[in-house]
Amino acid sequence: YQRRVRETFPNMDWINKTACKAMDAGGKMVKKKETEAGIWEAERKIKGFKEEWGVAVYDAHLSGDAETVRAVTEQYKAKIDPWVTKLQGLVDKLAKINAEDKE
């Protein structure tokens, strides 16, 4: 059976290899787009928390209430730091994906 298939389709190995390459490229593209979406989400979250922090400390800062400014800053830093870590990991992952594409 295999001999007959090879006689009928002599380029079957080439077709198989080409199909595998296309699937690999598609998988890499999906991985890259998912990583880019994660970066966008992390950047948006960080920006949102910073905006919230600014609104929360504005009046306390103008009135010279350093204790409130410090407390609110600590609260928002605890919210922002995990997203900064996640963002850095995603940026590193994207750089690795891009480096693999160049190989």
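Here a biologist asks a modeller about a predicted model.

Modeller: Local features here need pLDDT of at least 70, side-chain atom pairs count only at pLDDT 80 or more, and totals for chains, interfaces and linings use all residues. Residues are numbered from 1 along each chain as its sequence is written, and side-chain values use heavy atoms, with hydrogens and water left out.

Biologist: Which helix gives the most residues to the largest nonpolar core?

Modeller: A nonpolar core is a set of buried Ala, Val, Leu, Ile, Met, Phe, Trp, Tyr and Cys residues joined through side-chain atoms within 4.5 Å. The largest one here has 14 residues. Helices α2 (12-62) and α3 (66-102) each supply at least two of them; a helix is a DSSP run of H or I, at least four residues long, numbered from the N terminus. With 8 residues, the top giver is α3.

Biologist: Is Thr35 buried or exposed?

Modeller: Thr35 sits in helix α2. Buried means under 20% relative accessible area, exposed over 50%, and partly exposed in between (1.4 Å probe, protein chains only). Thr35 has just 2%, so this residue is buried.

Biologist: What does Leu87 touch, leaving aside its neighbours within four places in sequence?

Modeller: Leu87 is among the residues with the most contacts inside the core. Contact means heavy atoms within 4.5 Å. By that rule, Leu87 touches Ile39, Ala42, Glu43 and Ile46.

Biologist: How far apart are the C-alpha atoms of Ala71 and Val57?

Modeller: Ala71 belongs to helix α3 and is partly exposed, at 38% relative accessible area. Val57 is 14 residues away along the chain, and the C-alpha separation is 9.4 Å.

Terms used
Helix = DSSP H or I, 4+ residues; strand = E, 2+ residues; numbered from the N terminus.
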